[in-house]
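Student: I would like a close look at a single part of this model, followed by a connected account of what surrounds it.

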Amino acid sequence: MRATGVKRFKKYKRENSALRAIYSFLSDYDQDNLKLVTLISPGRQVQTFTDANEITVPKTKQRIADSKSWQRLRFKVFDKYGNACSCCGAGFLDGVKLEVDHIYPVSKYPELELEFYNLQILCNICNLGKSDVFIKDFRDEKMKRKLADIYASTYQVEKVKE
């Protein structure tokens with residue numbers, strides 16, 4: 001990115017992040033006639049921009065924790081399952097922070113992000129250990145079956161016969 005007396009080079013992991021930065025840069029130097037930004041992206045042609053209006057700024061995805069629907073759902077999960085870790089049984093009185101965990105992680109199963117039956121209560125230690133690596137449901141069999149049915153219908157998988 002270059003404007004009169006200003007020169008910046010930066011690498012971005014995602015093209016959307018680069019486009020937002022370019023838009024911001026061009027907006028900051030909108031009065032400068034000598035501004036030029038070059039975007040080099042793997043597998044695409046080199047693009048140059050001189051005006052912020054040439055760019056369609058990609059929308060940023062709202063974080064789940066910020067949404068009202070997540071806050072309501074989180075309350076329902078605590079109301080249903082109580083205030084103890086489903087894995088180790090620790091609670092607030094034990095000095096641990098309790099979190100609502102996605103059994104099928106959002107990073108791999110985004111369609112189940114706001115599904116009640118995909119949620120369980122874990123303390124922060126158990127949740128960090130589980131991470132998004134393991135799919136482990138610590139709840140009772142009835143809840144596990146409901147989640148299995150939802151998973152099967154969402155991902156068009158044949159249901160397992162008992």
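Student: How much space lies in the largest pocket? Please take that pocket as the starting point and then go on to the interior.

Tutor: In this predicted model, the largest pocket holds about 530 Å³ of space. Its lining is made up of 20 residues, and those closest to the centre of the pocket are Met1, Lys10, Thr38, Leu39 and Ile40. Among the elements that contribute, helix H1 (15-28) and strand E3 (37-39) each supply at least two residues of the lining. By residue class, the lining divides into 10 nonpolar, two polar and eight charged residues.

Turning from the pocket to the interior, the largest nonpolar core has 16 residues, and those with the most contacts inside it are Val77, Cys85, Leu98, Val100, Leu119, Ile121 and Cys123. Helix H2 (68-81), strand E5 (98-102) and strand E6 (119-123) each supply at least two residues of this core. A second, separate core has 14 residues, including Val6, Ile22, Leu26 and Ile55. As a general matter, nonpolar side chains in soluble globular proteins tend to be buried together.

Leu119, one of the core residues just named, is worth following further. Leaving aside neighbours within four places in sequence, Leu119 is in contact with Trp70, Leu73, Val77, Tyr81, Val100, Asp101, His102, Ile103 and Arg139. Two of these partners lead on to other residues. Asp101 is also touched by Asn127, which, not counting residues up to four places away in sequence, touches Glu99 and Leu122 as well. Asn127 lies in helix H3 and counts as buried because its relative accessibility is 15%, which falls under the 20% limit. Its side chain makes a polar contact of 2.6 Å with the side chain of Glu99.

Arg139 leads to Asp137, since the side chains of these two residues are joined by a polar contact of 2.8 Å. Asp137 is found in the loop between H3 and H4 and is likewise buried, with a relative accessible area of 10%. With neighbours within four places in sequence left aside, the contacts of Asp137 are Ile103, Gln120, Lys144 and Leu147.

The loop between helix H3 (124-130) and helix H4 (141-154) also holds Ser131, which has a positive phi of about 50° although it is not a glycine. Most residues other than glycine have a negative phi. Ser131 is partly exposed, with a relative accessible area of 36%, whereas Asp137 is buried.

Definitions and conventions
Residues are numbered from 1 along each chain as its sequence is written. This is a predicted model: local features need pLDDT of at least 70, side-chain atom pairs count only at pLDDT 80 or more; totals for chains, interfaces and linings use all residues. Side-chain values use heavy atoms; hydrogens and water are left out. On a 1 Å grid over the protein atoms alone, a cavity is a set of points where a 1.4 Å probe fits but cannot get out, and a pocket is an open set with protein on both sides within 12 Å along at least five of seven lines; lining residues have an atom within 4 Å of a point. Grid points are joined across faces, edges and corners, and a volume is the space filled by probe spheres set on the points. Helices (H or I, at least four residues) and strands (E, at least two) are DSSP runs, numbered from the N terminus. Ala, Val, Leu, Ile, Met, Phe, Trp, Tyr, Cys and Pro count as nonpolar, Asp, Glu, Lys and Arg as charged, and the others, Gly among them, as polar. Buried means under 20% relative accessible area, exposed over 50%, partly exposed in between (1.4 Å probe, protein chains only). A nonpolar core is a set of buried Ala, Val, Leu, Ile, Met, Phe, Trp, Tyr and Cys residues joined through side-chain atoms within 4.5 Å. Contact means heavy atoms within 4.5 Å. A polar contact is a pair of N or O atoms within 3.5 Å; within protein, one must be able to donate a hydrogen and the other to accept it, and residues adjacent in sequence count only if both atoms are side-chain atoms.
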